[in-house]
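Could you walk me through this structure? I would like to understand how its parts sit together, from the sheet to the spaces between the atoms.

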Amino acid sequence: MEVLYSSTRDKSKKIKASEAILKGLADDGGLFVPDNVPQFDFSLSSLKDMDYKATAYNVMKLLLTDFTEEELKYCINGAYDSKFDTEEIAPLVYADGAYYLELFHGKTIAFKDMALSILPFLMTTSAKKNNVKEKIIILTATSGDTGKAALAGFADVPGTGIVVFYPKNGVSAIQEKQMVTQKGDNVKVIGITGNFDDAQTGVKNMFNDEELKAELKSKGYVFSSANSINIGRLVPQIVYYVYAYGNLLKNGKISDGDKINVVVPTGNFGNILAAYYAKTMGLPINKLICASNENKVLFDFFETGKYDRNREFILTSSPSMDILISSNLERLIYTIAGCDDKKNAGFMESLKTTGVYDITDDMKAKLVDFVGGYASEAQCAAKIKDLFDKTGYVIDTHTSVAASVYDDYKAKTGDNTPAVIASTASPYKFMHSVMTAIDKKYDGVNDFELIDELAKVSGVDVPGAVEDIRTAPILHTDVCDKEEMKSRVKAFLGI
Ligand SMILES: *Cc1c(COP(=O)(O)O)cnc(C)c1O
């Protein structure tokens with residue numbers, strides 16, 4: 001059955017998947033959502049025999065219905081190859097009562113690679129299908145990981161260019177070095193003197209700037225987005241939850257149809273939303289446990305039904321989750337509002353003008369599958385150490401936020417349903433925080449000096465992504481105010 005996409009703020013106009021991928025964000029500022037969520041057309045037990053690529057094909061074809069089999073397989077085969085350092089692509093590791101779904105085996109050692117490895121293929125294939133003649137300019141705001149993963153994916157891809165904005169003082173040393181050393185003739189990396197929300201708002205404003213868009217078009221450019229608001233990111237993220245279920249089945253950890261819990265360290269709400277779609281499509285998920293760090297807007301939302309971004313923005317050791325405006329939540333709000341676009345648009349207007357919206361009781365009742373939790377900086381560090389002391393397994397700060405929240409959940413509820421924790425980054429990406437959690441003696445030591453120490457402690461080889469940047473020259477040094485973002489983009493494009 002054909003799946004079409006419409007905006008969460010005006011569903012009167014429907015477009016194809018490939019068009020939604022090209023546009024990224026709807027013209028009215030809303031996010032594209034499928035007009036119906038298809039059900040799996042394969043049995044759960046058949047997952048046992050599918051590798052990552054086969055799982056990806058079987059899941060993605062249900063949502064990207066205007067792609068031919070040949071097109072979709074070309075995208076999948078191009079993405080999930082030796083760029084990943086393990087053939088499994090997303091291995092599942094058991095440690096102390098939970099299964100860690102390692103989503104960091106791609107080029108930039110964070111889970112963003114899972115979708116951003118395939119997005120350039122989906123985007124260029126979509127451009128071809130729709131006879132797009134303009135050069136596609138990817139505008140991206142990053143809290144640290146999306147930026148590098150998008151740069152790695154789009155660098156030197158013909159017919160595209162990419163500009164990445166990151167909060168100058170809001171990312172880890174490794175994250176920044178990864179970005180500012182990016183090679184490629186079509187790439188630009190700019191630090192902004194603000195936080196992630198400022199960067200994201202600046203980018204969204206450019207997408208909604210009709211004058212700018214018209215000017216670009218006349219010069220042969222169109223904008224698109226690599227942020228998780230693009231359905232070309234969301235759809236590939238559904239795959240690994242399904243793959244993890246198949247892995248548990250294959251290894252006899254669960255039986256066909258058994259439920260699992262899923263725990264996701266959350267920022268922009270993209271990753272956990274993908275798990276929610278997986279559940280809607282037929283994956284037996286019991287609870288979706290949404291873990292926040294001290295920026296616990298989402299925890300408060302799940303507790304009270306009130307979304308309130310009016311609070312202090314806290315810089316934490318899990319910077320990729322330092323977000324107060326979780327963009328993808330809009331897709332969930334739209335869904336639990338009964339796909340009422342006007343009602344959703346009202347909430348989003350209220351968020352924009354007052355920073356707050358309050359959902360209705362009926363909508364709240366539809367959130368039963370979600371559980372919110374949060375971990376303090378101390379809890380996050382304690383969990384890294386505790387898990388390491390017990391098992392020798394080293395997790396990063398984001399994953400630890402999730403693991404800590406999961407411990408609380410189990411203690412509170414006694415729910416022993418097998419749990420998959422999304423392990424969203426390699427500990428090598430947040431070395432300083434991870435190592436000082438394990439032993440205070442590393443405090444103050446530079447990230448780059450800790451690389452070999454972490455290898456020794458964890459027994460995990462230094463990933464290629466880290467080796468590469470140790471000596472790489474810095475190629476990007478631009479920093480600007482949030483007000484200057486637009487002029488910087490125009491300067492990069494020479495207009
Ligand atoms: C982006 C990111 C997150 C948050 O994911 P969302 O989809 O934005 O909720 C968590 N951990 C890491 C390491 C990330 O890079």
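**A walk through the model**

Leaving out neighbours within four places in sequence, Pro 34 touches Val 3, Leu 4, Tyr 5, Leu 63 and Tyr 277. This is a predicted model, so please read everything below in that light. Pro 34 belongs to strand β2, which covers residues 32–34. Its relative accessibility is 13%, and because buried means under 20%, Pro 34 counts as buried. For a sense of distance, take Gly 459, which is 425 residues away from Pro 34 along the chain: the C-alpha atoms of the two are separated by 44 Å.

Let us turn to the sheet. It is an open one of 6 strands, in the order β3-β4-β14-β9-β10-β13, and its pairing is mixed. At the edges stand β3 (92–95) and β13 (370–374); each has a single partner strand, so one side of each is left without a neighbour in the sheet. On average, neighbouring strands of this sheet are turned by 25 degrees against each other, direction ignored.

Strand β14 is a good place to pause. With β9 (residues 260–265), β14 (residues 419–423) pairs in the parallel sense over 3 bridges, and here Ala 419 of β14 is the bridge partner of Asn 261. With β4, the pairing of β14 is parallel as well, over 4 bridges, and Ile 421 in β14 has Tyr 100 standing opposite.

How much of β14 is buried? The strand is mostly covered, with 5 of its 5 residues buried. In a regular strand, side chains alternate between the two faces of the sheet. For β14, both faces are covered: Ala 419, Ile 421 and Ser 423 are buried on one side, and Val 420 and Ala 422 are buried on the other. A helix also packs here: α10 (residues 231–250) lies across β3, β4 (98–102), β9 and β14, and runs at about 135 degrees to β9.

Two residues on either side of β3 deserve a look at their backbone. Ile 89 lies in the loop between α3 (69–79) and β3. Although Ile 89 is not a glycine, it has a positive phi of about 70 degrees. Its relative accessibility is 4%, so Ile 89 counts as buried. Asp 96 is found in the loop between β3 and β4, and it too has a positive phi, of about 45 degrees, without being a glycine. Is Asp 96 buried or partly exposed? With a relative accessible area of 34%, Asp 96 is partly exposed.

Now for the empty spaces. Rolling a probe the size of a water molecule over the atoms shows where such space is left. The largest pocket has a volume of about 570 Å³. Its lining is made of 22 residues, and those nearest its centre are Arg 9, Lys 204, Met 348, Leu 351 and Lys 352. Three elements give two or more residues to this lining: α8 (196–207), α13 (329–336) and α14 (341–354). Which of them has the largest share? That is α14, with 5 residues. Sorted by class, the lining of the largest pocket has 8 nonpolar, 7 polar and 7 charged residues.

Helix α13, one of the elements that line this pocket, is mostly covered, with 7 of its 8 residues buried. The buried ones are Leu 329, Glu 330, Arg 331, Leu 332, Ile 333, Tyr 334 and Ile 336. Just after α13 comes Gly 338, with a positive phi of about 70 degrees.

The enclosed spaces come last. There are 5 cavities of 30 Å³ or more, and the largest cavity has a volume of about 260 Å³. Its lining has 27 residues, of which Phe 111, Lys 112, Gly 267, Asn 268 and Ser 320 lie nearest its centre. At least two lining residues each come from α6 (145–154), α10, β9 and α11 (270–281). Helix α11 gives the most, with 3 residues. By class, the lining of the largest cavity has 10 nonpolar, 14 polar and 3 charged residues. This brings us back to the sheet, since β9 is among the elements that supply this lining and also pairs with β14, while α10, another contributor, lies across both of these strands.

Definitions and conventions
Residues are numbered from 1 along each chain as its sequence is written. This is a predicted model: local features need pLDDT of at least 70, side-chain atom pairs count only at pLDDT 80 or more; totals for chains, interfaces and linings use all residues. Side-chain values use heavy atoms; hydrogens and water are left out. Two strands pair if DSSP finds at least two bridges between them. Axes are lines fitted to C-alpha atoms, for helices over the stretch in contact, and angles run from 0 to 180 degrees between N-to-C directions. Contact means heavy atoms within 4.5 Å. On a 1 Å grid over the protein atoms alone, a cavity is a set of points where a 1.4 Å probe fits but cannot get out, and a pocket is an open set with protein on both sides within 12 Å along at least five of seven lines; lining residues have an atom within 4 Å of a point. Grid points are joined across faces, edges and corners, and a volume is the space filled by probe spheres set on the points. Ala, Val, Leu, Ile, Met, Phe, Trp, Tyr, Cys and Pro count as nonpolar, Asp, Glu, Lys and Arg as charged, and the others, Gly among them, as polar. Buried means under 20% relative accessible area, exposed over 50%, partly exposed in between (1.4 Å probe, protein chains only).
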